[in-house]
Amino acid sequence: MKPVIAPSILSADLTRLGEQIGEAVAHGAGWIHVDVMDGHFVPNLTLGTAVAAAVRQATDRWVDVHLMVERPEALLPAFAKTGANSLTVHVEATPHIHRALQQIHALSCKAGVALNPGTPAEAVFPVLHLVDLVLVMSVNPGFSGQAFLPEVLPKVRLLRERLDAVNPQARVQIDGGINAQTLPEALRAGADVFVAASAVFRHPEGIAAGMTALRQAAGLGSDPLGSAD
Ligand code: DX5
Ligand code: ZN
């Protein structure tokens, strides 16, 4: 599966969101990742439906909503209405993950299931046939700019193997601490969608340099449109 770079707007300059998304897309962003936090499931309160809708307006790229909220079921219709392409819910956030994933499909979105670093791969085995992507958290969710946790790599490997058996089309996304140094390890373990907030929007030389470094680390070469499918 061709690697995709998915910049997370959590570290973007929100006063210039459209412009910053445009720059990331011009340099090869395939998906735009929107981190939604409710102040309960994670100790931070971030973006809601208004911002997801603004991202939709700003780009025709895949809009990827990551819901770090308790009981996400109630919010799914509102996020689907923003025009998001995929909605990802945490397996730890609801006792009814199977139903939540069915609900996402019924809303005509692609469905993702996410796992915190402390959650074993086996927790999502019963629903792997229902997902379009599995998101492996490589930091404890809540904040950008944290260090990558290499101990999640065996979990990436195990999930990729299991998906190859039951749902080979599904992607494995990795989120947290991804930069040009850590991306190749995650790629080798079987991840193919790379979320990055600070490595794109807080790169010391700017968004274009951040995207170029990630694209090269992912083997996508120097053509900015190379990761844009
Ligand atoms: C973490 C969020 C991530 C985060 C990544 O709670 O889910 O998407 O923004 O930030 P970096 O890439 O800076 O680790
Ligand atoms: Zn995220």
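This section describes the strand arrangement and the zinc site of a predicted model.

In the predicted model, eight strands form an open sheet with parallel pairing, and their order across the sheet is S1-S8-S7-S6-S5-S4-S3-S2. The edges are occupied by strand S1 (4-7) and by S2, each of which pairs on one side only. Between neighbouring strands of this sheet the average turn is 25 degrees, with direction ignored. Within the sheet, strand S4 (residues 86-90) and strand S5 (residues 110-115) run parallel and are joined by five bridges, and valine 89 has valine 113 in S5 as its bridge partner. In general, the strands of a sheet pair through backbone hydrogen bonds, in either a parallel or an antiparallel manner.

The zinc ion (ligand 2) is coordinated by His33 through NE2, by His66 through ND1, and by Asp35 and Asp175 through OD atoms, at 2.0 to 2.3 Å. The site of the zinc ion (ligand 2) is octahedral, with six donor atoms and angles among them of 69 to 171 degrees; for six octahedral donors, the ideal angles at a metal are 90 or 180 degrees. Along the chain, the donors of the zinc ion (ligand 2) follow the spacing H-x1-D-x30-H-x108-D. Because aspartate 35 lies in strand S2 (residues 31-37) and aspartate 175 in strand S7 (residues 171-175), the pair ties together parts that are 140 residues apart in sequence. With respect to solvent accessibility, aspartate 35 and aspartate 175 are both buried, each having under 20% relative accessible area.

Technical notes: Residues are numbered from 1 along each chain as its sequence is written. Chains are lettered from A and ligands numbered from 1 in the order in which they are written. This is a predicted model: local features need pLDDT of at least 70, side-chain atom pairs count only at pLDDT 80 or more; totals for chains, interfaces and linings use all residues. Side-chain values use heavy atoms; hydrogens and water are left out. Donors are N, O and S atoms within 2.8 Å of the metal (3.2 Å for Na, K and Ca); water is not among the atoms, so sites may look incomplete. Four donors count as tetrahedral if all angles lie between 85 and 135 degrees; four count as square planar and six as octahedral if opposite donors are over 155 degrees apart and all others between 65 and 115; anything else is irregular. Helices (H or I, at least four residues) and strands (E, at least two) are DSSP runs, numbered from the N terminus. Buried means under 20% relative accessible area, exposed over 50%, partly exposed in between (1.4 Å probe, protein chains only). Two strands pair if DSSP finds at least two bridges between them. Axes are lines fitted to C-alpha atoms, for helices over the stretch in contact, and angles run from 0 to 180 degrees between N-to-C directions.
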